Amino acid sequence: MLAHTYLFPCLKDNYGVLVQDPETGATAAIDAPEAGPVEAALAKTGWRLTDILVTHHHNDHTAGIGALKVQHQCRVVAPRNEAQRISPVDEKVGEGDVVHVGSLLGRVIETPGHTSGHISYFFPAAKLAFVGDTLFSIGCGRVIEGTPGMMWRSLVKLRDLPNDTEIYCGHEYTAANIRFARTIEPDNLVLAAREVQVKQQIAQGEPTIPVTIGDEKLANPFLRADQPEVAAGIGIPGKAAAQVFAEIRARKNKF
Ligand SMILES: [Zn+2]
C-alpha cells in the first residue's frame, strides 16, 4: 500500500479524509470541515497531522483549519486563486504544482466552477484523487462562482485521470444524486447497478465513496454530457457538451 487513507463523517453530510505516508508517517487532512472529527480521526489512527490540503474556501471545508494549525503546527496548502478567502495559509498552489505529504507526491489540478479557484489533488503513484466539491459520486458540485462551461472542462480533467484512480469527494450525496441521474439516463444499466450497490452500502451504514473514475464515468450523467445518447435522451440531440452539461445541471438545481 503506497498510501493509507481514513475517511470519516463531519458536520451534516461532509466527509473528512486523512491520507498517510507509511514511509515517513506524514499525514494530510484533505480540507478541515471542523476540528473535532479530524482530531478524533487522528486519535483513532494514531497518525500525526503534518499538512492540510484545502480544495476551496467554503466554510464547511475550512472551519477547522485554525484550531488544527494551533494544535499541530501543520502546513496549510490552499488554492492560489482564493487563498485570500482562507486563513491561515502557508503555501499557495495552482495548476501542475507538486505537493508532498512526506514521500507521497501529489499534483494540483485546477478545477474551477463550484468556486472560482477550486483545486483538486491527484496522487498518481497512490492512485488517489481528492476532488472536494467539484465531482461527487453520480453528481457534481453546484456551479456557484463559475460558468457551466468552466465546470464541464474541470470535470473532463478529472474524467481523464486513469480509470483505477480512487476518487474522494467532500459530501455524501450519492443516493440523492442517483435518484436524479435515473431521470436523465433511465436505461443506463451501470447506473442501475450502482443504485443497488449504494442502497446496500447505506443500509449497512457504509460510505458510498471512494469510487474509481473508471466506474464513475460510466454512470455519472455529469461526466457523460458529451455522449450522444445523453443529449438525445434529454431532448437536445447534437448540442455541444457544455450546453448539455448546463441543461443537466439546471435540471438538478430544480430537482
Ligand atoms: Zn463547497
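Reader: Let's start small: which residue in β2 does Phe8 stand opposite?

Author: Keep in mind that this is a predicted model. The general idea comes first: strands of a sheet pair through backbone hydrogen bonds, either parallel or antiparallel. Here, Phe8 faces Gly16 in β2. β1 and β2 (residues 14-20) run antiparallel, with seven bridges joining them.

Reader: And how many strands form the sheet, and in what order?

Author: Six of them, making an open sheet ordered β1-β2-β3-β4-β5-β6, with mixed pairing. β1 (4-10) and β6 (91-93) are the edge strands, each pairing on one side only. From one strand to the next, the twist averages 25 degrees.

Reader: Which strands does helix α1 lie across?

Author: Helix α1 (residues 35-45) lies across β1, β2, β3 (26-30) and β4 (48-53), and runs at about 140 degrees to β1. Helix α3 (residues 65-72) packs on the sheet too, touching β4 and β5 (75-79), with its direction at about 145 degrees to that of β4.

Reader: On to the metal. Which protein atoms are the donors of the zinc ion?

Author: His56 (NE2), His58 (ND1), His114 (NE2) and Asp133 (OD), at 2.2 to 2.3 Å from the zinc ion. The angles among the four donor atoms span 89 to 169 degrees, and the site is irregular. Tetrahedral would need all angles between 85 and 135 degrees, so the 169 rules that label out. Along the chain, the donor spacing reads H-x1-H-x55-H-x18-D.

Reader: Why does the pair His56 and His114 tie together parts that are apart in sequence?

Author: His56 sits in the loop between β4 and α2 (59-62), and His114 in the loop between β8 (104-110) and β9 (119-123), so the pair links parts 58 residues apart in sequence.

Reader: Are His56 and His114 buried or exposed?

Author: His56 is buried, and His114 is as well.

Conventions. Residues numbered from 1 in each chain as written. Predicted model: local features only at pLDDT ≥ 70, side-chain atom pairs only at ≥ 80, totals over all residues. Heavy atoms only, no water. Pairing = 2+ DSSP bridges. Helix = DSSP H or I, 4+ residues; strand = E, 2+ residues; numbered from the N terminus. Axes fitted to C-alpha atoms, helices over the stretch in contact; angles between N-to-C directions. Contact = heavy atoms within 4.5 Å. Donors = N, O, S within 2.8 Å, 3.2 Å for Na, K, Ca; no water. Tetrahedral: all angles 85-135°; square planar, octahedral: opposite > 155°, others 65-115°. Buried < 20%, exposed > 50% of the residue type's maximum accessible area, 1.4 Å probe, protein only.
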